[in-house]
Amino acid sequence: MTYEEAHAAFPVLERFVYLNAGSLGPLSGATIDAMVARTRYDHEQGRSGKAWIESMLALRARVREKLAATIGASADRMALTSSTTDGCNIVLSGFGLRPEDEVVTTNAEHPGLLLPLHASGATVRVAEVTTRRTHEAFETILKHVTPRTRLLALSHVLWTTGQIMPVHELRRETALPVLVDGAQAVGAIPIEVGELDFYTVSGQKWLCGPEPTGALYVRDPESLRVALPTYFSQRRIERDGSFVPQEGALRFDFGWLETPALAGLEAALEGVPEWRFERAREVAARCREALVSARHELVSDGEATLVPFVAPGDAAEDAARLYDAGVIVRDLPGTDWLRASCGWWNNEEDIERLVGALRASG
């Protein structure tokens, strides 16, 4: 697949410079077609009967396998969810944390992780990483680990600053279980879960799938209690409600996912070019260079595909003006920052249009 072919696959790029996969990725024509075809099939089959049920289960299995491949995992360690927030809730509700237990996180986490953390009942210790250089994050987080720490919970790529956190190094150094929010990493940078214990996946961001879709990787499913069971959690259920859980991480499947959304995600996962990570990294680097040359202040030295920078005026108003100019970025709530999400579908012209629109709006 050439870049020109990949770019042409996304209808939205005919109208906009799309720099917001950190919220929702663009949908390709093939993804849209797959969703339409599955919707038509469901309507014609009546969403019932042996053939339809088997097709639904086969679709879930194929998507599970493809999601597992994106992070270097086996399919039996992947649960299907509707979001990374689902994954965080599944882990933290089943981990068995008590008030005397501690969980270490950072001050730059998304509410999708922070809210489940604080609902867990454990004591949450927060490491300040946004005011430090990326290479200092490792020692900063380690300083918050105590004998009472039972879990580390943090993003692989911080949604605000774009910094890549040393999740593998923290796992090796502390030997503690690690819950990783992978919302801004999977599909944006190469991922190998390795010895990580829990890793959440968002299907609608950098994987360019429809919403709501996602997944959760669980390295040792037997070690995590099924605290939020759904119909898909059980192999056999008794009249009193006791049940035998599914093998592996399938026991954590977070309920029903619409088949058109799964079909769209499957198409999105099949349609990615091999060179996507290298190009996204190059576009993000070019974006940083162009913003600095235009005298915009970058927020961090992040190396991922998120490029946050200080807005020239009011961030929300600037984002709205940029949208009207055909450039989609997002403002980050509670800050005066704008964030550009640089994907493999973007090019040099997109970066020039971003800088030009910022100049015009300033």
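Let's start in the loop between strand S7 (198-202) and strand S8 (214-218), where you'll find Pro212. Keep in mind that what you're looking at is a predicted model. Zoom in on the backbone here: the peptide bond leading from Glu211 into Pro212 is cis, with omega near -5°.

While we're on backbone oddities, two arginines deserve a visit. One of them, Arg47, lies in the loop that runs between helix H2 (29-45) and H3. Arg47 isn't a glycine, yet its phi is positive, at about 50°. Is Arg47 buried or exposed? Its relative accessibility is 59%, so it counts as exposed. The other arginine is Arg295, in the loop between helix H9 (276-293) and strand S11 (306-310). Arg295 also has a positive phi, about 70° this time, again without being a glycine. With 79% relative accessibility, Arg295 counts as exposed too.

Now step from the Arg47 loop into H3 itself. Helix H3 (residues 50-70) packs against helix H8 (residues 259-270), with the two axes 10 Å apart and at an angle of about 40°. That angle makes H3 oblique to H8, and the crossing is left-handed. Which residues make the contact? From H3 they include Trp52, Met56, Leu59, Arg60 and Val63, while H8 brings in Leu262, Ala263, Leu265 and Leu269, among others. Charged side chains take part as well, including Arg62 and Lys66 of H3 and Glu266 and Glu270 of H8.

Hang on to Arg60, one of the H3 residues in that contact, as it takes us to the aromatic rings. The charged end of Arg60 sits over the ring of Phe232, 3.8 Å from the ring's centre. Phe232 has a ring partner as well. The structure holds 11 aromatic pairs, and in the one formed by Tyr231 and Phe232 the ring centres are 6.0 Å apart with the planes at 85°, so this pair is edge-to-face. These two neighbours differ in how much surface they show: Phe232 is buried, with a relative accessible area of 16%, whereas Tyr231 counts as exposed at 65% relative accessibility.

Finally, look for the aromatic cluster. Ring pairs link Tyr3, Phe10, Trp206, Trp275, Trp344 and Trp345 into one group. Tyr3 also has an arginine for company: the charged end of Arg279 sits over the Tyr3 ring, 3.7 Å from its centre.

Key. Residues are numbered from 1 along each chain as its sequence is written. This is a predicted model: local features need pLDDT of at least 70, side-chain atom pairs count only at pLDDT 80 or more; totals for chains, interfaces and linings use all residues. Side-chain values use heavy atoms; hydrogens and water are left out. Rings of Phe, Tyr and Trp (its six-membered ring) pair if their centres lie within 6.5 Å; planes under 30 degrees apart count as stacked, over 60 as edge-to-face and the rest as tilted. Buried means under 20% relative accessible area, exposed over 50%, partly exposed in between (1.4 Å probe, protein chains only). A charge sits over a ring if NZ of Lys or CZ of Arg is within 6 Å of the ring centre and within 35 degrees of the ring normal. Axes are lines fitted to C-alpha atoms, for helices over the stretch in contact, and angles run from 0 to 180 degrees between N-to-C directions. Helices (H or I, at least four residues) and strands (E, at least two) are DSSP runs, numbered from the N terminus. Angles under 35 degrees count as roughly parallel, over 145 as roughly antiparallel, 65 to 115 as roughly perpendicular and the rest as oblique. A crossing is left-handed if the near helix is turned anticlockwise from the far one by less than a right angle, and right-handed if clockwise. Contact means heavy atoms within 4.5 Å.
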